Amino acid sequence: MNCNKENDLSPETTTETNKQAQRDCQPLSTSSPARKTRQPDSPYAYLVCCCGVVCNLIVFGCSYSYGLLFPLLLDEFKQGKAKTAWVGSLAYGSTGIFGPVVGVLCDRFNPRIIAITGGFISTIALIVTSQAPNLTLMYFSYGILYGFGSSCVFFVVLIILQRYFIKNRSMVTGLAVTGPGGGLLMMSPVIQALLNNTSWRMTFLSMAGIVFLTCILSCSFDPNVATDDPEPTDNQDTQATRTRRLNICASLDFSYLRNKEYLVYLLASSVVFSGIAVLIVHLASSESFLFSKPQAYIIK
């Protein structure tokens, strides 16, 4: 459009035409609208809490119910109890061992993307496990890969809930860590029903479908939550992001290991959870002289 074009219209019409031409000649704004900031302790925060708790119930339920699969894998591969139990033990241990790695990833990337990726990795791991020809592949797929994926989901839930809650932070944290016990109680009957009607390979495939739900639920983990901290300028934010990504080792701060009380708690909890894992794995295989199969998964 020619903004300087003149015409022979009346003065009133000419004035209106010139104003319209000036508006048309103004450059369009290319800035995108600001993203909506979520408020802590809002109804959406409780939606995030519900999704996070369900995610933890699913990922822990599928790993802590390994004791039901243990006798079948023992009969399938005939590698002995020790080697077969290592599959489930690696899955339990990897969930906690990868915690520091997930924490560093959350400092540098979007926690929601990490949770979705973790759920997807766990799904792929269970699919691969269902087709595993030997225990060696299971060590990697179920023990390491699934453990890493479930670790991503679990720790992102803990991190994101700290952002969404201020008043009831302790309560929602307690709900989030009910994953091992609640997941075992919720998923054990489901997995036992699958084993009663299908093979253990189909059971792993069904578990993969259930775990995929965490990818959908994790979409609610919007990290854009309002805080009391002043927002940095664009230059400060860009520079801080570059510094964090370049100095990866800066996040590996082990000064907390100097705290004696923390070390005592760390050692004590390690012993406790090691004992719990042994019971979970071997209890179902003891049904022949203790209790029936339905009683086995209920007591677990």
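Biologist: Why does Lys78 count as exposed?

Modeller: Lys78 has 65% relative accessibility, and exposed means over 50% relative accessible area, buried under 20% and partly exposed in between, with a 1.4 Å probe and protein chains only, so Lys78 counts as exposed. Lys78 lies in the loop between α3 (66-77) and α4 (81-97). Before we go on: this is a predicted model, where local features need pLDDT of at least 70, side-chain atom pairs count only at pLDDT 80 or more, and totals for chains, interfaces and linings use all residues. Residues are numbered from 1 along each chain as its sequence is written, and side-chain values use heavy atoms, leaving out hydrogens and water.

Biologist: What makes Asp41 partly exposed?

Modeller: Its relative accessible area is 22%, so Asp41 falls between the buried and exposed cut-offs. Asp41 sits in the loop between α1 (11-25) and α2 (43-64), and has a positive phi of about 60 degrees although it is not a glycine.

Biologist: Thanks! Why is α6 called roughly antiparallel to α7?

Modeller: The axes of α6 (residues 111-130) and α7 (residues 135-164) cross at roughly 155 degrees and come within 8 Å. Angles over 145 degrees count as roughly antiparallel, under 35 as roughly parallel, 65 to 115 as roughly perpendicular and the rest as oblique, so α6 is roughly antiparallel to α7.

Biologist: And how are α6 and α7 known to be helices?

Modeller: Helices are DSSP runs of H or I with at least four residues, while strands are runs of E with at least two, numbered from the N terminus. The chain comes to 14 helices and 0 strands.

Note on methods. Axes fitted to C-alpha atoms, helices over the stretch in contact; angles between N-to-C directions.
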